[in-house]
Amino acid sequence: MAPEALSRQQTEEALAGLPGWTTDGESISRTYSFAKHLPAAAMVVHVAAIQEELNHHSEMSLGYSKLSVTVNTHSAGGKVTDKDVQLARRIEEIAPGHGAS
Ligand SMILES: C[C@H](O)[C@H](O)[C@H]1CNC2=NC(N)=NC(=O)C2=N1
């Protein structure tokens, strides 16, 4: 069964506990900054492993010292669901260990 889409208000309430994460109403996103490129690239691999564990996958964009993560739920018609929030929480847990801010 497809997960239920969160309303814009529910999404914003969920993001209140995830500083740095924003929503455009269709997805949730955060851009992380790093001192150097390799820590950013390493975090991509770590996020990918979490995504495989959760079977839920974001779009990631890697720059020199920045990593942007955007996620919504395809099976909910490209809307935000609790699965996106759960992934964001897991990413937040590992971000400090990669020197991300
Ligand atoms: C078949 C597999 O369970 C699905 O394609 C999963 C994989 N990862 C996914 N990731 C995201 N972001 N949304 C999905 O609906 C989704 N579905």
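This tour proceeds through the structure one selection at a time. The model is a predicted one.

**Stop 1: the nonpolar core**

Begin by selecting A88 and I91. Within the largest nonpolar core, which has 19 residues, A88 and I91 touch the most other members. Next, colour the elements that give two or more residues to this core: β2 (28-33), α2 (37-54), β4 (66-71) and α3 (82-94). Which of them gives the largest share? The answer is α3, with four residues. In soluble globular proteins, nonpolar side chains tend to be buried together.

Keep A88 in view and add L18, W21 and I28. A88 is in contact with these three residues, its neighbours within four places in sequence being left aside.

**Stop 2: helix α3**

Now select the whole of α3, residues 82-94. This helix has 13 residues, and its first and last C-alpha atoms are 19 Å apart, close to the 18 Å expected at 1.5 Å a residue. Highlight D84, V85, L87, A88 and I91, which are the buried residues of α3. Then turn the view to look down the axis of α3: the buried residues fall within an arc of 160°, so they line one face of the helix. To see what lies against that face, display α1, β2, α2 and β4, the elements against which the buried residues of α3 pack.

Beyond this helix, select G97, which belongs to the segment after α3. Is G97 buried or exposed? G97 is exposed, because 11 other C-beta atoms lie within 10 Å, and a residue counts as exposed when that number is 12 or fewer. A distance may also be drawn here, from the C-alpha of G97 to that of I50: these residues are 47 apart in sequence and 14 Å apart in space.

**Stop 3: helix α2**

Select α2, residues 37-54. At 1.5 Å a residue, its 18 residues should span 26 Å, and the C-alpha atoms at its ends are indeed 26 Å apart. Which residues of α2 are buried? They are A40, M43 and V47. Viewed down the axis of α2, these buried residues fall within an arc of 55°, so they line one face of the helix. The partners against which they pack are β3 (59-62), β4 and α3.

Rotate the helix to inspect the face turned away from its buried side. The exposed residues there are L38, V45, A49, E52 and E53.

**Stop 4: strand β3**

Move to M60, which is found in strand β3. M60 is partly exposed, with 17 other C-beta atoms within 10 Å. Select V44, V47, L67, S68 and V69 as well; M60 is in contact with each of these, neighbours within four places in sequence being left aside. From M60 to V44 the C-alpha distance is 7.4 Å, although the two are 16 residues apart in sequence.

**Stop 5: the loop after α2**

Select N55, which lies in the loop between α2 and β3. N55 is exposed, with 7 other C-beta atoms within 10 Å. What is the sign of its phi, positive or negative? Phi of N55 is near 50°, a positive value in a residue other than glycine. Most residues other than glycine have a negative phi.

**Stop 6: the ligand**

Display the ligand and the residues around it: N55, H56, H57, V71, T73, H74 and S75. N55, from the previous stop, is thus one of the residues of this shell. How many residues of each class does the shell have? One is nonpolar, six are polar and none is charged.

**Stop 7: the segment before α1**

Finish at A2, which is located in the segment before α1 (8-15). A2 is exposed, with 11 other C-beta atoms within 10 Å. Add S75 and A76 to the selection, since A2 is in contact with both, neighbours within four places in sequence being left aside. S75 has already appeared among the residues around the ligand. As a last step, draw the C-alpha distance from A2 to P39: these residues are 37 apart in sequence and 35 Å apart in space.

Technical notes. Residues are numbered from 1 along each chain as its sequence is written. This is a predicted model: local features need pLDDT of at least 70, side-chain atom pairs count only at pLDDT 80 or more; totals for chains, interfaces and linings use all residues. A nonpolar core is a set of buried Ala, Val, Leu, Ile, Met, Phe, Trp, Tyr and Cys residues joined through C-beta atoms within 7 Å. A residue is buried if 20 or more other C-beta atoms lie within 10 Å of its own, exposed if 12 or fewer, and partly exposed in between; C-beta atoms are placed from the backbone. Two residues are in contact if their C-beta atoms, placed from the backbone, lie within 7 Å. A residue is near a molecule or strand if its C-beta atom, placed from the backbone, lies within 6 Å of it. Ala, Val, Leu, Ile, Met, Phe, Trp, Tyr, Cys and Pro count as nonpolar, Asp, Glu, Lys and Arg as charged, and the others, Gly among them, as polar. The expected span of a helix is 1.5 Å times one less than its number of residues. The arc is that of the directions from the helix axis to the C-beta atoms.
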